[in-house]
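User: I would like to learn how to read the interior and the charged pairs of a model like this one. Could you take me through them step by step?

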Amino acid sequence: MNLTLKLAHDDAEQNKVSALRILNELAPDMGQTLCECYIVPEIRSLGIDEQSSVRQTVAKNMLNISKIVSLDYFTGAVFPLYNNLTQDKDEKVRKTCAEVVAEIAN
């Protein structure tokens, strides 16, 4: 987990993208508390990254996280991030949000 968090703060775009994928995969194994305390804040931080490919990867990798967190936490922290991404200036980010909306809603 520590290495993944370091990757999330790296300057290299590909390292951030890799960290996002790993965090999404780790979420079910980490459980609700660790996910809410560590993973979601990282995802939220990367959701406002200046690189659109990082923001697009955030949108693609929210599914497992959405399943683990409590409903209150989802509506207060995860959904606002998703909602912001649906209004992103980059069309690719918005399109990715549209592609994953059904999965996240489940």
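Analyst: This is a predicted model, and we can begin with its enclosed space. α2 (13-46) and α5 (71-86) each supply at least two residues of the lining of the largest cavity, and the lining as a whole consists of Val40, Ile43, Met62, Ile65, Val78 and Leu81.

User: How many nonpolar, polar and charged residues are in that lining?

Analyst: The lining has 6 nonpolar residues, with no polar and no charged ones. The space in this largest cavity is about 30 Å³.

User: Which residues have the most contacts inside the largest nonpolar core?

Analyst: That core has 28 residues, and those with the most contacts inside it are Ile43, Val58, Met62, Ile65 and Leu85. Helix α2 gives the most to this core, with 10 residues. Leaving aside residues up to four places away in sequence, Ile43 touches Leu20, Leu23, Val58, Ile65 and Leu81.

User: How should I read the salt bridges?

Analyst: Side chains of opposite charge can pair when their charged atoms come close. A search of the whole structure finds 3 salt bridges. In one of them, the side chains of Asp49 and Lys16 meet at 2.7 Å, N to O; Asp49 lies in the loop between α2 and α3 and Lys16 in helix α2, so the pair ties together parts that are 33 residues apart in sequence.

User: Is Asp49 buried or exposed?

Analyst: Asp49 counts as buried because its relative accessibility is 11%, under the 20% limit. Lysine 95, by contrast, is exposed at 53%, and it forms a salt bridge with Glu99, the closest N and O atoms being 3.7 Å apart.

Note on methods. Residues numbered from 1 in each chain as written. Predicted model: local features only at pLDDT ≥ 70, side-chain atom pairs only at ≥ 80, totals over all residues. Heavy atoms only, no water. 1 Å grid on protein atoms, 1.4 Å probe; cavity = no way out; pocket = protein on both sides within 12 Å on 5 of 7 lines; lining within 4 Å. Points joined across faces, edges and corners; volume = space filled by probe spheres on them. Helix = DSSP H or I, 4+ residues; strand = E, 2+ residues; numbered from the N terminus. Nonpolar A, V, L, I, M, F, W, Y, C, P; charged D, E, K, R; others polar. Core = buried A, V, L, I, M, F, W, Y, C linked by side-chain atoms within 4.5 Å. Buried < 20%, exposed > 50% of the residue type's maximum accessible area, 1.4 Å probe, protein only. Contact = heavy atoms within 4.5 Å. Salt bridge = Lys/Arg side-chain N within 4 Å of Asp/Glu carboxyl O.
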